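Subject: Structure for your review

Dear colleague,

Please find below the structure I promised to pass on to you. My notes on it follow directly after.

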Amino acid sequence: MIHSLFLVNSSGDIFLEKHWKSVVSRSVCDYFFEAQERASEPENVPPVIPTPHHYLISVLRHRIYFVAVIQSEVPPLFVIEFLHRVVDTFQDYFGVCTEAAIKDNVVVVYELLEEMLDNGFPLATESNILKELIKPPTILRTVVNTITGSTNVGEQLPTGQLSVVPWRRTGVKYTNNEAYFDVVEEIDAIIDKSGSTITAEIQGVIDACVKLTGMPDLTLSFMNPRLLDDVSFHPCVRFKRWEAERILSFIPPDGNFRLLSYHVSSQNLVAIPVYVKHNITFREGSSQGRFELTLGPKQTMGKGVEAVLVSSQLPRGVLNTNLNPTQGTYTFDPVTKLLSWDVGKINPQKLPSLKGSMSLQAGASKPDENPTINIQFKIQQSALSGLKVNRLDMYGEKYKPFKGIKYMTKAGKFQALLSN
Amino acid sequence: MNGHRGFSVLRSEAAGAVRTALVSAENLQLTLKTELSQEEQHLTPHTHTNGGPDETHTKGYCTEVNEDLKEMLESNKESLKLEAMKRVVGLIAKGKNASELFPAVVKNVASKNIELKKLVYVYLVRYAEEQQDLALLSISTFQRALKDPNQLIRASALRVLSSIRVPIIVPIMMLAIKEAASDMSPYVRKTSAHAIQKLYSLDQDQKELLIEVIEKLLKDKSTLVAGSVVMAFEEVCPDRIDLIHKNYRKLCNLLVDVEEWGQVVIISMLTRYARTQFTSPWKEDGVFDEHNERAFYESDEEKTRDETEAKPYMMDPDHRLLLRNTKPLLQSRNTAVVMSVAQLYWHLAPKNEVSIVTKSLVRLLRSHREVQYIVLQNIATMSIQRKGMFEPYMKSFYVRSTDATHIKSLKLEILTSLANEANISTILREFQTYVKSQDKQFAAGTIQAIGRCATNISEVTDTCLNGLVLLLSNRDETVVAESVVVIRKLLQIQPTQHSDIIKHMAKLFDNITVPMARASILWLMGEYCERVPKIAPDVLRKMAKSFTSEEDIVKLQIVNLAAKLYLTNSKQTKLLTQYILNLGKYDQNYDIRDRTRFIRQLIVPNDKNGALSKYAHRILLAPKPAPVLESAYKDRDRYQLGTLSHTINTKASGYLELSDWPAVAPDQSVRNVEVIEPVKEWAPSLGKTGKSKPAKSSDDKFYSDSGEEEEEEEKGSGSSSSEDGSSSSSSSEESGSDAESHVQKNSSQSSEESDKSSSQSEKSSSESDSEKKERKTKTPLQKKTVKPTAKDGDSDENGNVAKEANSSSAGESSSDSESDSDTHTDSDSGTEHKKKTKSKAKPKVEVKSKKEVSLLDLGDFTPAPVTQHKSSVLSPSLLGDLEGLSLSNVSSTIQLSGPAFVPEKSHDLLHRMTGKGLSAQYQFPRQPCLYQPTMVSVQISLTNTTDHPLEQIHIGDRSPTGLNIHCFNTIECLEPEASVTVFIGIDFNDSTQAANFQLCTKEDHFSVSIQPAIGELLLPITMTELDFRKVR
């Protein structure tokens, strides 16, 4: 399956290579570099590149390309999913997944890759198992290891590997038993010129941080499970129980994990939490244009809209802008023509706005593209779809855990089309 | 060199001193700097300390001599060695050559330090190929490690041994693989499955031997092994479909619990398998009723076979099993699993069922960019054939400005395929915004898409054409050019009165610079020159002026235009044409010269070529077929969806064709697992009993499991509280009462047995004991014991073969019982043991009723370990609970075990003739009853065979009146041909007396009765021999 892996940074250098079968020369990456050159944006490099003897399947995360070399037929998603899992693992181990972090921890990276694949076939990808095999580096442990020469490598086969609960290790002990669940929803929307919604959909995830002793068996029920249209589970969730009763029943992995991701059924009308008023004019022939943008909260269920960030790609004809925000700060990059405005919190009494003029290229005709603006925001303590967790129960263990549930709404791909 | 050596000694000392402070990366760089100069010096004169005879050639280019690393490796300090190895691994990671250090490194292969050892392994695997002789030095270490009691060490030794690509050790590898394939640890067996592929790629001659090992491992019941061995199968012998037959049902049933990567491989293998073994479900309009089919599944095999051959199409139960067991995986978090299930449904499911994958595929679009790319490609192929599948999700394919270009064009592709009369206006409106996009490549793509919509949907052709004409005045050149090209194609399709469009384009001609667009306009002029008689010659005049500066493609069209005009309007254009032909004659491009010569001969009459020029008009101005605008994904469906070949649209190496459905299904009995007695209906229960229960049971698996689990919990806590203070004898009694509550499989008849059941509460607890004893003495009495078969195997082994397992008691921690199970598997797989069991079982056969015989026989061929049985019945996660439970709550002697197998057989409760169209069947799912511990759970499937809905089906009067039945909720309405499965609980009061009750509909009520066989009243438990004796 996966023959070799090359890590390539944004400037096109291979900074790590790993081979699971016989060595593939790194010159195979030349085909990748060619494709990289052809692509205008880093994202435009095709994920699958055929070469005369190999196939290159790559993913781009954190501005690092993970290029896997394949020699024969394999489902491409298999490789892609695995590469993403590798990135997730690195992130889990090192906190960040950057070139520097990988280079600093090259030995751990190698040990991890060695455990994750055998002969190109995934062996252990569950983070709980990996963490038993190879301990994540901490500052304390690094110091201790360098002094005592002890190791990061576990000596026993992780119990999870063999048990029927492969995602949980045995013998977990905590003095404070706690289970936290974050319901995070993202709204994707496209708003047209007139302010009406073209598409809007809500996707959500429930991320959990469970630190419970022993083998707890949890059930989580919702007040309104009908809202959930399409769901995908962590392998620990008992699917049939969900089918029958709409209850999440599971033995949780230890630590952080994503319990569930869901999609809110499209029948439900999505409440759009913010609105945009705008007035942008380019006058034909003149070198001045007017720009005016006002944001306001719409249906936010009484919660404040925070961390608002507006960005827009202005037409090429715009040379510079001279704008005045009523709050926050704005920047305009005259090279990339990217306007971004860090608004902060929206105050419903005094709506934030950005007004001013744009200087246009002299003699340039009126741009005919529609600029779009992307809006990011957060609403704390509310899930936009109205999803509510009813209760969380624990079986199988005697102690009383501390339970907590947090809701949050974020903008996903939230776009507004502007007229001109 | 000496100087350097001295320096590096110094350096290594220094390194020792500062090691604690230095981060290894810095250290590394320092070392590298010194290496450079060393390298220069060493390139020529070096003879290696490690030089084997045939190594010099591999060393020819060797780069780095790293003396200080070598010294660190040879030092006595573990920490120095480790530090050195870490730096060596750093070198490997950077792609630097570290093969120089091979002898120094290989010495450490037997190190006690696990991390050091692992790093040495990494090094060995990387360089052994280049230094074969030296690598051999390490082999004995691995051979020793292969016998290590620690399974992790055994496994990693095999991993490394098989990864050293040294042909000379092939026999050793072969031996090791064979041995590991029957290792008691599933983890080691998994490793051996991986090793098979490695050995195969090293030496293809071992194929036959390896196939034997694969065959053996395919029989393995561990979910850990399944994925890996199927992978090996795919790599080594994908054509040996016959190896799969016997394991097909097991693989289907295990699938949900296999790890996600294994699932992908198994699903794709099963897809190929199914295409060779089942007939096409796509024939006729095949409206297919799953419940009907289930009824067949329950009925005996013979009948099914007959039915399958007969018309109308009837799906093979195994085919259905595959579809049913893969469906839950659509909810997987792993995108590759979801995709592989989707392609399985696409290639195998009846047409009306395929659409259940839609929602899941659309969900994948929210994943990473690369995932989107692959999924969109597959959707593009699917949407061409089946628009309806994705139409409801059209909005998911709307393009966002932040999408990558290849994602945008795929979405465009899909939207175009989805367009129909109903939604075209929405799509066109969406396209309008895309045309204005700043990404011009994408805008051009959109224009092509509009063209495709216009040809596909005749209603909008004119609208599209007008829209495209408007685009001709767009400022962007690529947009205009693309519009021209598309308009040209559209006009060709609809060559009616469009002369004004042609005129308009002629006017624009001067402003258009893109060659393709200019060529298109010229071609249009020529083709329709009779409609624009005034303009065409004028255009030709302009072109004659600029001919030399045009692109080749434009020149060709100029020549074309000239020729056509010459034929239609020779008066005005004769001179111009000749001028152009002369220019063309001396053009640099030979194509143009050729074309010019040809045209001249064709149109200009002279003596020699009179024959052809007569037809010139017909040749040049023949009506031409309109181009077909179709999707680039049109013929991608020749590749299996989800494959690499599909993505790159060429056959990737190692691609396995999906065969066409066979016209006649091959013998389906090959999938029946061998049994001695005719107990076919039990066959699928091998391995994964819980799931292979007929009818709904598989669908209900998790549900019932979790129900069961709650039940268990309740009971556990209840019993612990009530029994806490009591003695061990009372706890054994408890087990008895448990047992009676969970009534098990029927079997025989004898009055002796019913006797027994009345006094069952004592006996069942002592049963296994008596069985044991009786077996030894071989008294006929032993037929009474209806015990889980696993226990049979177990106790046999304990008693007769080895003592290794019996020390582990039920009260042990979960990890203990795992290793316990390992031991069992091991001894189970030994054929010798099996034979013993078998020969023991034989004498019993004669004295037993048929059913019981098979019960015991089954023990012979499914000697699965206890834990395995549990996992087979309970969801994996549940096992954890159970183990926890048995630890804390239940008395240490008793461990509930799931039924070893559950018969498929269901009994008629109400025949459809007597039931006026309502038919009911019941069976014992052998699960603890949800409602009350003393009840037996019974599964009833109700089917409406009438042509009108039946209303309000419920349970009415019962007799004896005290009979305690937990009824199902009234079924408000049962549609014709529909069926429903319900569970009821009946308290038989430990007797085999029939439970009589009435099954009522709105209009009628029918008396029915359920008579339990004695076996169904028992609860299977597992206990060790010791406890067993104690209880006795």
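Apart from its neighbours within four places in sequence, N105(A) makes contact with F94(A) and P137(A). N105(A) lies in the loop that connects α3 (99-104) and α4 (106-116) of chain A. Its relative accessibility is 18%, and N105(A) therefore counts as buried, the cut-off being under 20%. Please bear in mind throughout that this is a predicted model.

Strand pairing in chain A

Strand β13 (residues 255-264) of chain A pairs with two other strands described here. With β9(A), β13(A) pairs in the antiparallel sense over eight bridges, and within this pairing A208(A) stands opposite F257(A). Strand β11 (residues 228-233) of chain A is likewise antiparallel to β13(A), to which five bridges join it. Here S232(A) has S261(A) as its bridge partner in β13(A). Of the 10 residues of β13(A), seven are buried, so the strand is largely enclosed by the rest of the structure.

Chain A also contains an open sheet of four strands, in the order β14-β15-β20-β17, with antiparallel pairing. Its edge strands, each of which pairs on one side only, are β14 (274-282) and β17 (318-325) of chain A. On average, and with direction ignored, neighbouring strands of this sheet are turned by 15° against each other. The edge strand β14(A) and strand β15 (residues 288-297) of chain A run antiparallel and are joined by nine bridges. In this pair of strands, K277(A) stands opposite T294(A) of β15(A).

Salt bridges

How many salt bridges does the structure hold over all chains? The total is 45. In general terms, side chains of opposite charge can pair when their charged atoms come close. Three individual pairs and one network are set out below.

The first to mention returns to β13(A). R258(A) forms a salt bridge with D207(A), with 2.8 Å between the closest N and O atoms. This pair links distant parts of the chain, since R258(A) belongs to strand β13 and D207(A) to strand β9 (residues 197-211) of chain A, 51 residues apart. R258(A) is partly exposed, at a relative accessible area of 44%. D207(A), at 24% relative accessibility, also counts as partly exposed.

Next comes a pair within a helix. R241(A) and E245(A) form a salt bridge in which the closest N and O atoms are 2.8 Å apart. Both residues belong to helix α8 (residues 239-245) of chain A; because they are four residues apart there, about one helical turn separates them. Is R241(A) buried or exposed? With a relative accessibility of 5%, R241(A) counts as buried, whereas E245(A), at 33%, counts as partly exposed.

In chain B, the side chains of E657(B) and K651(B) meet in a salt bridge, at 3.4 Å from N to O. E657(B) counts as partly exposed, its relative accessibility being 47%.

Finally, a network of salt bridges links residues of both chains: K18(A), E114(A), E115(A) and D118(A) with K118(B), R159(B) and K198(B).

Helix packing in chain B

Two residues of that network, R159(B) and K198(B), reappear in a contact between helices. Two packed helices are described by the angle between their axes and the distance between the axes. For helix α10 (residues 151-163) of chain B and helix α12 (residues 186-202) of chain B, the axes come within 9 Å and cross at roughly 0°. The two helices, α10(B) and α12(B), are therefore roughly parallel to each other, a description that applies to angles under 35 degrees. On the side of α10(B), the contact is made by Q151(B), L152(B), R154(B), A155(B), L158(B), R159(B), S162(B) and S163(B). On the side of α12(B), Y187(B), V188(B), T191(B), S192(B), A195(B) and K198(B) take part. What is the character of the residues in the contact of α10(B) with α12(B)? They divide into six nonpolar, five polar and three charged.

Chain B as a whole

Chain B comprises 49 helices and 11 strands. Of its 1032 residues, 61% count as buried. Where contacts in chain B join residues at least 6 apart in sequence, 70% of them are between residues at least 24 apart.

With kind regards

How values were computed:
Residues are numbered from 1 along each chain as its sequence is written. Chains are lettered from A and ligands numbered from 1 in the order in which they are written. This is a predicted model: local features need pLDDT of at least 70, side-chain atom pairs count only at pLDDT 80 or more; totals for chains, interfaces and linings use all residues. Side-chain values use heavy atoms; hydrogens and water are left out. Axes are lines fitted to C-alpha atoms, for helices over the stretch in contact, and angles run from 0 to 180 degrees between N-to-C directions. Angles under 35 degrees count as roughly parallel, over 145 as roughly antiparallel, 65 to 115 as roughly perpendicular and the rest as oblique. Contact means heavy atoms within 4.5 Å. Ala, Val, Leu, Ile, Met, Phe, Trp, Tyr, Cys and Pro count as nonpolar, Asp, Glu, Lys and Arg as charged, and the others, Gly among them, as polar. Two strands pair if DSSP finds at least two bridges between them. A salt bridge is a side-chain nitrogen of Lys or Arg within 4 Å of a carboxyl oxygen of Asp or Glu. Buried means under 20% relative accessible area, exposed over 50%, partly exposed in between (1.4 Å probe, protein chains only).
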